[in-house]
Amino acid sequence: MQQNSEHVNITLKTLIFDLDSGDQETQEQTFTGEWTKKGDIDVLRYKEVIEEAGTIQNMIMIRPERVSIKRTGAIQMNQQFQLGQKTENIYQHMHGNIHMETFVETITFTEDTMPRVLDMNYTMKLNGQIERKHQLKLQFSTK
């Protein structure tokens, strides 16, 4: 079982669709971090600095049919993406807490080539408000 970490370049792109208004929002971020392969689990770790909040440690664990995103520091969250299931968590930040309800429609992970690509489609409700559709694409490759 390989447990050596490698430095990687990470690109995270999210498209958010408001089903009621038809509005669309796009977010794209790039990071450098570390990738470790442990059996059938890919683990990414990277730091994110937000001016008004501070430093956030991010850990993403990619397993078949399940993805976990854990954030600690200025923002705290432990979000589970489970294929075909509704999951809930609390997003804690400096302005208060947000209740998140997520339903994952698809998870696809291309792991046999570089860059490795994770694609997820899911719906999300924040604090019980209007449901919005999300498309997440995470790519990473060794430096």
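**Exercise 1. Identify the residues that ring pairs link into a cluster, and classify the pair F109 and F140.**

Solution. In this predicted model, ring pairs link W35, F109 and F140 into a cluster, and the count of aromatic pairs comes to four. For F109 and F140, the ring centres lie 6.5 Å apart and the planes meet at 20°, so with the cut-off of under 30 degrees the pair is stacked. As the next step, place both residues in the chain: F109 belongs to strand β8 (residues 96-110) and F140 to strand β10 (residues 132-142), so the pair ties together parts that are 31 residues apart in sequence. Finally, F140 has 1% relative accessibility and therefore counts as buried.

**Exercise 2. Determine which strand gives the largest share of the largest nonpolar core, and list what L118 touches.**

Solution. The largest nonpolar core holds 26 residues, and those with the most contacts inside it include L118, M120 and L138. Its largest share, four residues, comes from strand β9 (residues 116-126). Leaving aside residues up to four places away in sequence, L118 touches I62, V67, I107, T108, F109, L136, K137 and L138.

**Exercise 3. Locate the cis peptide bond and describe the backbone at E65 and N127.**

Solution. Most residues other than glycine have a negative phi, and most peptide bonds are trans. Here, a cis peptide bond with omega of about 0° joins M114 and P115, and P115 sits in the loop between β8 and β9. E65 has a positive phi near 65° and lies in the loop between β4 (54-63) and β5 (66-73). N127, with a positive phi of about 50°, is found in the loop between β9 and β10, and its 43% relative accessibility makes N127 partly exposed.

Notes
Residues numbered from 1 in each chain as written. Predicted model: local features only at pLDDT ≥ 70, side-chain atom pairs only at ≥ 80, totals over all residues. Heavy atoms only, no water. Core = buried A, V, L, I, M, F, W, Y, C linked by side-chain atoms within 4.5 Å. Buried < 20%, exposed > 50% of the residue type's maximum accessible area, 1.4 Å probe, protein only. Helix = DSSP H or I, 4+ residues; strand = E, 2+ residues; numbered from the N terminus. Contact = heavy atoms within 4.5 Å. Phe/Tyr/Trp six-rings, centres within 6.5 Å; stacked < 30°, edge-to-face > 60°.
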